[in-house]
Amino acid sequence: MEEKIERLLGLAVLTVWGTAAFGGGDVPSKALNQGGVVNTRHNLTQSYLGASSVFMDFARNNYGEVCVYCHTPHGASAVVAAPLWNRTATGTAYTLYNRPTNATVTQPGTNSLTCLSCHDGTVAVDSIINMPGSGKYNAAQASSQNTAFLNAWSNPSGIDATDNHEGLNATGCLSCHNPAGQAQAPDFTVFAIGTDLTNDHPVGIRYPTTFGEGGDFKPPAVSSGNLAFFDSDGNGRADSKNVRLYNTGEGYEVECASCHDPHGVPSGGPGSVFNPSFLRVANTNSALCQTCHNK
Ligand code: HEC
Ligand code: HEC
Ligand code: HEC
Ligand code: HEC
Ligand code: HEC
């Protein structure tokens with residue numbers, strides 16, 4: 001009930017501010033997609049919306065920092081071995097890609113679980129282990145979402161997200177962010193991947209290790225330790241624009257972060273607009289697909 005009232009309050013404010021009318025089609029993003037993660041949709045404070053970021057205040061804690069929704073300098077997750085990982089992972093079992101392939105598909109690895117901690121919709125986008133400020137640390141958050149702990153946060157402005165810590169799912173963020181939802185709220189339906197991965201490019205899938213003439217796959221230029229990568233600029237380093245494969249104990253595998261860099265990847269030189277959809281390689285003429293596939 002409380003939630004409904006707050007949502008209506010949101011609507012009332014929107015009617016005053018809203019100017020443009022949208023007849024079908026999606027709303028363009030207000031994120032600049034340039035310069036840094038702060039100017040992308042991965043800035044969960046939505047500060048680039050200016051005053052309208054308050055629409056999200058009842059739905060998520062506004063920590064006033066960009067990196068903290070994913071990383072913490074101290075006390076990182078022991079459950080997901082991604083760099084200084086600050087997010088809850090509940091150990092969800094995913095329905096795997098099930099068409100016949102030459103390779104075995106296993107549960108998503110670390111470098112997919114990071115993304116799925118928001119995009120499968122089972123965990124609130126603000127569910128983190130270490131909130132900014134002292135005394136706001138809860139190690140158990142690494143594997144389960146504790147709403148009482150998240151409620152200890154007060155938003156700097158607007159209303160608090162008390163008990164309304166929403167995820168990327170139909171009853172949460174998508175209750176406004178759907179085609180028939182609140183005016184001006186972009187449609188997020190396709191971004192809510194859920195726990196059924198049968199209709200997504202396989203992840204947790206082994207990359208071939210032999211590359212005969214006329215083979216189906218291209219060999220990565222560098223394979224060393226836990227990372228293999230296609231070194232498009234030949235500098236011997238795994239740059240963000242390099243498609244990569246991760247070895248977390250099952251050999252080199254394709255994961256979400258093989259194709260995407262969640263911080264954004266400049267399309268040209270430094271400062272240029274980012275490739276769409278956080279892609280490491282823009283998929284013009286299917287360049288991304290053909291980095292791996294010989295097709
Ligand atoms: C009460 C309805 C409502 C709910 C619930 C809601 N939003 Fe929004 N959201 C909006 C509106 C309206 C806008 C557009 C504001 C504007 O453009 O000024 C928006 C904009 C955004 C944007 C910016 C999109 C862009 O590219 O310009 C993001 C990202 C976003 N919301 C994320 C979320 C997340 C994450 C949640 C769940 C935690 C959420 N929203 C829940 C109403 C809502
Ligand atoms: C939406 C989640 C998200 C946000 C926000 C985010 N990161 Fe990351 N970051 C990740 C993920 C996921 C990885 C692991 C990438 C991989 O799997 O290869 C990562 C990796 C890194 C790495 C190590 C690998 C690399 O790419 O250099 C650094 C350093 C880093 N992040 C810094 C930051 C900083 C600084 C910020 C804030 C300005 C930030 N990140 C914001 C998700 C995020
Ligand atoms: C902290 C939560 C969170 C994490 C972690 C996260 N995302 Fe997102 N992501 C979002 C939200 C919120 C949006 C904006 C709403 C939407 O588009 O669903 C978004 C948007 C996107 C978009 C669309 C970008 C655009 O400009 O339209 C892509 C692609 C994406 N994420 C991929 C990833 C990948 C890949 C990872 C892991 C490497 C990841 N995300 C990790 C929350 C997250
Ligand atoms: C083999 C490469 C590849 C892998 C692996 C991959 N993606 Fe993507 N992803 C893409 C491409 C290409 C697009 C752009 C599609 C478009 O523009 O329509 C995309 C788009 C997206 C979008 C934006 C919504 C959409 O459909 O356009 C999200 C969110 C996303 N990916 C998340 C993920 C997550 C989470 C994973 C891991 C479970 C993942 N991706 C794995 C290549 C990949
Ligand atoms: C990082 C390397 C990589 C990239 C980039 C990549 N793929 Fe894949 N893809 C794979 C691997 C590995 C498999 C597992 C297939 C196998 O071994 O038979 C696969 C499987 C597939 C399959 C399923 C094949 C089957 O037998 O069911 C399709 C279709 C596919 N990819 C299309 C694409 C498209 C389209 C793109 C670009 C959007 C893309 N791939 C980008 C590595 C990649």
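**Figure 1. Polar contacts and iron donors at ligand 3.** In this predicted model, a polar side-chain atom of H42 lies 2.8 Å from a nitrogen atom of ligand 3. H119 also places a polar side-chain atom 2.8 Å from a nitrogen atom of ligand 3. H42 and H119 are the protein donors of the iron atom of ligand 3. Each gives its NE2 atom, and the donors lie 2.0 Å from the iron. The iron atom has 6 donor atoms around it, with angles of 88 to 179 degrees, so the arrangement is octahedral. For six octahedral donors the ideal angles are 90 or 180 degrees. H42 sits in the loop between α1 (2-17) and α2 (110-119), whereas H119 belongs to helix α2, so the pair ties together parts that are 77 residues apart in sequence. H42 has a relative accessible area of 24%, so it is partly exposed.

**Figure 2. The shell around ligand 3.** The view shows the 17 residues that surround ligand 3. The closest are H42, C115, C118, H119 and F191. By class, the shell divides into 9 nonpolar, 6 polar and 2 charged residues. R41 has a polar side-chain atom 3.3 Å from an oxygen atom of ligand 3. Two domains contribute: domain 1 (1-9 + 31-200) and domain 2 (207-292) each supply at least three residues of the shell around ligand 3.

**Figure 3. The iron site of ligand 2.** H71 and H263 are the protein donors of the iron atom of ligand 2. Both use NE2, and they lie 2.0 Å from the iron. The site has 6 donor atoms, with angles of 85 to 178 degrees among them, and is octahedral. The pair links distant parts of the chain, 192 residues apart. H71 is in the loop between α1 and α2, and H263 is in the loop between α4 and α5. H71 has 26% relative accessibility, so it counts as partly exposed. H263 is also partly exposed, with a relative accessible area of 41%.

**Figure 4. Ligand 4 and its protein donor.** The only protein donor of the iron atom of ligand 4 is H260, through NE2 at 2.1 Å. A polar side-chain atom of H260 also lies 2.8 Å from a nitrogen atom of ligand 4. H260 is located in the loop between α4 and α5 (287-292). There are 16 residues around ligand 4. V190, I193, C256, C259 and H260 come nearest. At least two residues of this shell come from each of α2 and α4 (256-259). The shell around ligand 4 has 10 nonpolar, 5 polar and 1 charged residues. Domain 1 (1-9 + 31-200) and domain 2 (207-292) each give the shell around ligand 4 at least three residues.

**Figure 5. Residues surrounding ligand 1.** Ligand 1 is surrounded by 23 residues. S29, M56, C173, C176 and H177 are the closest. The shell has 13 nonpolar, 6 polar and 4 charged residues. Side-chain N or O atoms make several polar approaches to the ligand. One, from R41, is 2.7 Å from an oxygen atom of ligand 1. Another, from S52, is 2.9 Å from an oxygen atom of ligand 1. A third, from H177, is 2.8 Å from a nitrogen atom of ligand 1. R41 also appears in the view of ligand 3, where a polar side-chain atom of R41 lies 3.3 Å from an oxygen atom of that ligand.

**Figure 6. Backbone at Q184.** Q184 is not a glycine, yet its phi is positive, at about 75 degrees. The residue is in the loop between α3 (147-151) and β1 (205-206). Q184 has 27% relative accessibility, so it counts as partly exposed. D26 is 158 residues away along the chain, but the C-alpha atoms of Q184 and D26 are separated by 8.6 Å.

**Figure 7. Backbone at S277.** S277, although not a glycine, has a positive phi of about 55 degrees. S277 lies in the loop between α4 and α5. H260 and H263 are placed in the loop between α4 and α5 too. S277 has 52% relative accessibility, so it counts as exposed.

Terms used. Residues numbered from 1 in each chain as written. Chains lettered and ligands numbered in written order. Predicted model: local features only at pLDDT ≥ 70, side-chain atom pairs only at ≥ 80, totals over all residues. Heavy atoms only, no water. Donors = N, O, S within 2.8 Å, 3.2 Å for Na, K, Ca; no water. Tetrahedral: all angles 85-135°; square planar, octahedral: opposite > 155°, others 65-115°. Helix = DSSP H or I, 4+ residues; strand = E, 2+ residues; numbered from the N terminus. Buried < 20%, exposed > 50% of the residue type's maximum accessible area, 1.4 Å probe, protein only. Near = heavy atom within 4 Å. Polar contact = N/O pair within 3.5 Å; in protein donor to acceptor, adjacent residues only side chain to side chain. Nonpolar A, V, L, I, M, F, W, Y, C, P; charged D, E, K, R; others polar. Domains from an automatic or database assignment.
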